[in-house]
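Reader: I am new to this structure and would like a close look at a single part of it. Please pick one strand and describe its surroundings.

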Amino acid sequence: MTPPTAVPTAAGSVTPESMKQAILRYARYSLAKEWQSLDLRERFIATSLAVRDTIIDAMLHTEQRMKRYGAKRIYYLSMEFLAGRALTNNLISLGIHEQCAAALGELGADIDELAEMEPDPALGNGGLGRLAACFLDSMATLGLAAYGYGINYEFGLFRQVFRDGYQEEVPDVWRSPGTPWLIVRPDQQRKVRVYGQAPRRSDKMKQKAGSWTGWRELTGLPSDLPIVGYGGRTVNYLRLYSAQASEAFDVEIFHRGDYVRALEEKIRSERISKVLYPSDDIPAGRELRLLQEYFFVACALQDVIEKHGGTRDDLLALPERVAIQLNDTHPALAVAELMRILLDDWAIPWDDALRIARGTIAYTNHTLLPEAQEKWPVALLEKVVPRHLQIIYDLNEDFLKLVDRTFPGDVERRRDLSLIDENHERCVRMMHLSIVGSHSVNGVSELHSRLLQSALVPGFAALWPERFNNKTNGVTQRRWLLTANAPLAALITRTLGDHWIINLDALRGLEEKCDDAQFRADFAQVKQRHKERLVGHIRRSTGVSADPRSLFDVQVKRIHEYKRQLMNAFRIAHEYLVLVEDGVAPLVPRTYLFAGKAAPSYAAAKRIIKLIHCLAAVVNADPRTRDWMRIAFIPDYRVTLAERIIPAANVSEQISTAGKEASGTGNMKFMMNGALTVGTLDGANIEMLAEAGDENMFIFGLTAEEIAARDARGVRPAEASEQDSRVARVLQAVRANRFCPRQPGLFADLVDGLLQRDPFHVLADLGAFIDVQERVSRAFLDQDGWTRRSILNVARSGKFSSDRTIREYARDVWGIR
């Protein structure tokens with residue numbers, strides 16, 4: 001791994017004058033306008049194209065260097081990449097932000113104003129996609145030859161709007177104005193076969209190339225998004241594929257005179273890259289999701305083989321030259337596709353093909369939730385990728401022979417480990433396929449990795465203990481501190497120098513600054529300015545007027561029952577009832593901030609969003625709360641919004657049910673920006689606690705072991721309300737329409753359902769959650785002490801850099817030392 005340089009070779013000659021001339025050239029020759037006649041959006045495009053020149057120079061130089069040194073290549077396969085806006089991040093990484101700002105200043109433009117014109121690339125949904133983006137940044141900064149592969153979604157997930165407190169989804173047309181960063185590669189299109197038939201084969205025939213007939217052909221058009229490592233010495237890329245109809249196929253239909261069908265085939269093919277995660281509630285949606293997963297995997301592996309498979313000997317040595325990382329199970333068909341290429345296209349024997357696939361592929365698991373373990377019906381796989389189903393059957397047959405030899409007579413274990421789930425509808429277990437086809441299986445926090453082996457797949461851990469390992473997630477400080485919190489980054493650099501940008505452990509030097517009154521004052525001032533800035537956005541986006549002097553209590557993340565936004569809403573309802581019914585004012589005023597999207601078909605999550613809006617409407621309208629409580633649900637959570645909210649937060653609510661959150665990365669971003677965590681002993685919270693210290697976090701609630709014991713005993717959820725009058729009062733108020741007076745009965749079934757079945761232990765932990773908030777308020781009363789704790793959180797966040805995570809992957813999984 002090559003350390004980054006301070007100033008890139010390509011950017012070293014960039015001056016304000018040369019940048020200004022480049023911007024003017026693009027305004028004239030790409031946009032065909034004079035600079036003065038450009039609107040803000042067009043000025044952003046001209047500026048970005050000028051910056052892209054420097055990036056492309058560095059990208060071509062990077063490729064030459066990697067070839068010269070014969071660098072092992074890493075291919076990171078993921079359905080999601082939430083990269084965020086690129087202009088400011090790229091300028092900082094290249095070391096030319098000041099030059100560009102000066103050039104724009106001479107042209108009468110403000111660089112921050114232009115940066116606001118850039119839409120967020122809608123290429124992901126939540127933590128999975130943001131983690132992938134952080135990893136790409138770290139891999140480039142560390143000088144690795146590493147490339148992301150995914151889908152170039154036209155609309156992404158959706159843009160979230162609220163109507164009467166209900167979430168509505170509208171298309172996120174992020175690409176409609178055009179993006180200056182994507183580099184289209186029509187010369188590297190890939191042909192992907194789907195559907196058709198694959199004749200059944202005997203066991204002996206698996207050693208020979210398979211037959212696949214009657215297939216339909218799709219075209220994958222790649223576009224590259226440059227990934228600039230800090231210092232600009234290494235520029236890799238994220239390759240994104242758009243689906244198109246096969247040109248020959250369409251023309252054949254067209255010339256037969258069936259014009260309508262030709263158009264229908266084109267639309268049908270191109271829908272594959274239209275949206276992220278089409279609804280799988282209907283058969284057509286499930287089929288489309290499977291097509292998406294196979295499409296991008298097939299394109300990626302063709303790319304890999306073309307780059308590295310010039311000869312049969314090259315392929316036999318593929319694991320020495322290539323590492324493929326599966327980011328969760330969405331790319332699991334990479335196992336079968338690589339086997340198909342080796343067997344059918346190169347006539348490599350089965351045992352060698354399996355050795356190559358396993359030696360090349362590694363798998364990261366991201367969830368312990370049983371309902372999130374991806375399975376595909378055998379019938380659907382047979383329809384969409386029939387040859388791959390054959391290979392999966394052959395893999396399973398070989399694997400089960402190993403299971404029988406290792407655990408003779410253990411029928412239950414054999415059933416649990418089989419790649420085919422025979423319990424209900426016959427399905428292929430994609431997690432099992434990923435494990436059987438990989439040489440490494442990792443979780444993403446110490447707790448998650450332990451539960452992965454002990455609870456989720458203990459049979460695989462017993463069979464192959466050497467394959468399992470932990471790689472605790474991390475986030476890139478370049479995006480989440482240097483770019484998102486420039487004032488704090490500047491304060492840290494003035495205090496410690498800038499080495500922390502590439503070595504976050506250097507932040508430990510801030511610990512001694514806790515006793516420096518001037519540093520504490522400067523640190524507190526940075527936080528206050530971010531809060532004041534966020535207040536304006538809250539007012540514009542929600543109409544809520546927040547007090548920047550109040551405690552900003554923040555829970556922003558994907559809406560899901562296990563993340564327990566519902567418990568947070570109940571806790572706020574309790575605090576409201578104590579104020580207006582008991583006449584007891586809070587110790588400190590709070591602004592409660594929510595943000596996050598619910599999946600379009602996730603009715604329970606959308607109900608929670610509605611409850612929070614109803615609660616906000618009542619609390620914000622009550623004059624008795626004016627000086628004490630405000631609630632805002634900020635719409636359309638995305639990277640850019642996170643960059644505004646996180647630096648302003650005082651408290652970060654990380655309150656998932658213990659044992660359910662694999663890791664979390666939002667918790668790390670908040671810690672890095674000086675928010676204090678209120679959290680359960682779940683995911684990476686445990687490791688954050690070990691770093692920050694008990695006195696600098698607020699831990700509450702049941703542990704994973706206690707929850708497992710309660711579930712085993714069958715404890716009734718209603719016991720919590722019977723034993724704690726605060727819980728009972730909140731439930732009664734919610735059920736009795738206190739927060740939905742115009743819609744009686746709206747939440748009655750929610751409360752009744754919880755009292756009967758509470759799988760995420762909302763009621764069991766609610767009392768402890770209420771108690772811990774009093775500790776938070778008392779701590780916030782001591783502003784100087786709070787600032788000390790905040791500084792220590794930043795100082796001790798070094799472990800949670802994605803640079804550390806990537807170094808561990810490189811050393812332990814990819815064989816790069």
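**Strand β2 and its surroundings**

Author: Both faces of strand β2 are covered: A145, Y147, Y149 and I151 are buried on one side, and A146, G148 and G150 are buried on the other. The model is a predicted one. Strand β2 spans residues 145-151, and 7 of its 7 residues are buried, so the strand is largely enclosed by the rest of the structure. The cut-off behind that word is a relative accessible area under 20%.

Two pairings of β2 can be followed next. Strand β1, residues 73-77, pairs with β2 in the parallel sense, over 5 bridges. Within this pairing, A145 of β2 has R73 standing opposite. Strand β8, residues 235-245, also pairs with β2 in the parallel sense, here over 4 bridges. G150 has L240 of β8 as its bridge partner. A145 and G150 thus each have a named partner, and both belong to the buried residues of β2.

For contrast, here are two loop residues. D164 lies in the loop between β3 (159-163) and β4 (166-170). D164 counts as exposed, because its relative accessibility is 52% and the cut-off for exposed is over 50%. Its phi is near 55°, a positive value in a residue other than glycine. A347 sits in the loop between α12 (333-345) and α13 (350-360). A347 is exposed as well, with a relative accessible area of 55%. The phi of A347 is positive, about 55°, although A347 is not a glycine. Most residues other than glycine have a negative phi.

Terms used
Residues are numbered from 1 along each chain as its sequence is written. This is a predicted model: local features need pLDDT of at least 70, side-chain atom pairs count only at pLDDT 80 or more; totals for chains, interfaces and linings use all residues. Side-chain values use heavy atoms; hydrogens and water are left out. Buried means under 20% relative accessible area, exposed over 50%, partly exposed in between (1.4 Å probe, protein chains only). Two strands pair if DSSP finds at least two bridges between them.
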